[in-house]
Amino acid sequence: MSLKDILIERIRTVGPMRVSDFMAECLMHPTHGYYATRDPFGVKGDFTTAPEMTQMFGELIGLSLAQAWMDQGAPDSFVLAEIGPGRGTLMADLLRATNKIPGFHAALDLHLIEASPALRAKQRELLGEATWHDDVSTLPEAPLFLIANEFFDALPVRQFIRDGDLWRERLIGFENAQMCFGMGAAADQPMLRHRLEDTEDGMLVEICEAMPQIVQTIGARIQDHGGAALIIDYGDWRSQGDTMQAIKDHQEVDVLDIPGDCDLTAHVDFEMLCAATPSRFSRVTAQGVFLERLGITTRAQNLAEQMEPVQIEQHIAAHRRLTHPDEMGNLFKVVALYPDGQVPPAGVEA
Ligand code: SAH
């Protein structure tokens with residue numbers, strides 16, 4: 001039975017489902033989920049992410065976090081964590097780039113938060129010893145230096161369409177032998193009251209219900225014990241419109257077409273993310289600006305000097321892709337969480 005058949009069966013027996021339940025099944029169903037069962041990254045896979053394009057991404061993030069560790073007095077024991085590490089590439093680049101920073105490696109304890117068994121195996125292959133967690137709640141009570149790249153966009157969102165001062169939830173049903181979108185009854189949504197000020201009738205907004213609890217836990221560790229988190233994702237201060245996107249073989253496909261067989265993501269609402277942390281948070285900064293501040297162009301030139309001519313073209317393309325406003329430079333944003341009384345990590349501003 002395909003995941004599509006499983007979902008259709010479920011809709012026929014219990015009725016239309018929330019977009020968030022659909023997304024959760026597509027990504028993490030134990031036997032058919034997209035992340036749960038495979039390694040989707042890279043040129044041969046369905047999509048590629050910043051750390052898979054160039055080693056510079058993980059290196060610069062490593063230097064920013066290591067600088068933050070030094071700025072906070074270089075605690076002699078801390079948790080270095082990544083949430084949603086994919087293949088582990090970013091962490092491998094980060095560890096290599098920080099190898100020569102005195103005391104950093106001796107002090108760190110590596111923790112990875114990963115829900116996919118297939119990707120945990122990949123991470124173990126590349127990174128060796130680490131502690132894996134199902135979610136952030138089991139991270140030790142200790143200074144926490146954490147990275148999240150394209151993690152929050154993989155969390156399921158609910159979608160609501162404005163109807164007067166009420167909202168109708170967008171649901172997935174089954175009609176004329178196929179899955180289709182429909183709408184639930186109009187109801188008040190306390191979580192969306194602040195969106196009455198910037199939306200009109202018929203507009204769609206999204207909420208990621210799983211996000212606040214995760215951010216709250218990370219922010220509390222940082223506020224209580226010190227540390228910093230760099231959160232990088234696509235999205236904006238307020239998410240608006242239907243941003244759910246399905247990708248297969250580097251092409252956009254219909255979100256209902258091949259459930260479990262394509263990547264599904266939605267933009268991150270950085271306002272909701274920042275509202276959830278008990279720590280300080282930086283300004284939301286465009287990825288291109290963040291990477292330029294950390295010196296990506298100088299690093300790119302240094303690396304280019306040691307490259308064969310055949311490698312240079314791809315190297316220049318990766319640099320452009322990460323930083324140029326027409327590519328990922330503006331669409332992707334960076335926000336840092338850090339404790340009261342400390343400066344934000346390099347690359348972002350208070
Ligand atoms: N950071 C990586 C991978 C991004 S893809 C990169 O930049 O290449 C999203 C990652 O988050 C995958 O590793 C996926 O398995 C993981 N993930 C998705 N939902 C999760 C959840 N609820 N809990 C833990 N990990 C999750």
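## A tour of the cavity, the pockets and the ligand

About 90 Å³ of space lies in the largest cavity, and that is where we begin. Keep in mind as you go that this is a predicted model.

**Stop 1: the cavity.** Select V157, C208, H267, V268 and D269, the residues that lie nearest the centre of the largest cavity. They belong to a lining of 13 residues. Now colour β9 (204–207) and β14 (268–269): each of these strands supplies at least two residues of that lining. If you colour by residue class, the cavity lining shows 9 nonpolar, 2 polar and 2 charged residues. How many cavities of 30 Å³ or more does the structure hold? The count is 1, so we can turn to the pockets.

**Stop 2: the largest pocket.** Next, select M28, G84, F151, A154 and L155, which lie nearest the centre of the largest pocket. This pocket holds about 630 Å³ of space, and 39 residues line it. To see which elements build the wall, highlight α2 (19–28), α4 (50–53), β2 (78–83), α6 (89–97) and β13 (263–265); these are the elements that give two or more residues to the lining. Which of them gives the most? Pick out α2, which contributes 4 residues. Colouring the lining of the largest pocket by class gives 20 nonpolar, 8 polar and 11 charged residues.

**Stop 3: the ligand.** Stay where you are and switch on the ligand, which sits in the largest pocket. There are 17 residues around the ligand, and T49, G84, G86, E114 and N149 come nearest. You have met G84 already, among the residues nearest the pocket centre. By class, the shell around the ligand has 9 nonpolar, 5 polar and 3 charged residues.

Zoom in for some polar contacts:

- Show the side chain of E114: one of its N or O atoms is 2.6 Å from an oxygen atom of the ligand.
- Move to the backbone of N149, where a polar atom is 2.7 Å from a nitrogen atom of the ligand.
- Then pick the backbone of A115, where a polar atom is 3.3 Å from a nitrogen atom of the ligand.

How much of the ligand does the protein bury? Taken alone, the ligand exposes 570 Å², and the protein buries 92% of that.

**Stop 4: the second largest pocket.** For the last stop, select F47, T48, Q245, I247 and R321, which lie nearest the centre of the second largest pocket. About 430 Å³ of space lies here, with 16 residues in the lining. Highlight β11 (245–248), β13 and α14 (328–331), the elements that give two or more residues to this lining. β13 may look familiar, as it also gives two or more residues to the lining of the largest pocket. Colour this second lining by class, and you will find 6 nonpolar, 4 polar and 6 charged residues.

Terms used:
Residues are numbered from 1 along each chain as its sequence is written. This is a predicted model: local features need pLDDT of at least 70, side-chain atom pairs count only at pLDDT 80 or more; totals for chains, interfaces and linings use all residues. Side-chain values use heavy atoms; hydrogens and water are left out. On a 1 Å grid over the protein atoms alone, a cavity is a set of points where a 1.4 Å probe fits but cannot get out, and a pocket is an open set with protein on both sides within 12 Å along at least five of seven lines; lining residues have an atom within 4 Å of a point. Grid points are joined across faces, edges and corners, and a volume is the space filled by probe spheres set on the points. Ala, Val, Leu, Ile, Met, Phe, Trp, Tyr, Cys and Pro count as nonpolar, Asp, Glu, Lys and Arg as charged, and the others, Gly among them, as polar. A residue is near a molecule or strand if one of its heavy atoms lies within 4 Å of it. A polar contact is a pair of N or O atoms within 3.5 Å; within protein, one must be able to donate a hydrogen and the other to accept it, and residues adjacent in sequence count only if both atoms are side-chain atoms. Accessible areas come from the Shrake-Rupley method with a 1.4 Å probe; for residues, only the protein chains shown count as cover. A molecule sits in a cavity or pocket if more than half of its atoms lie within 2 Å of its grid points.
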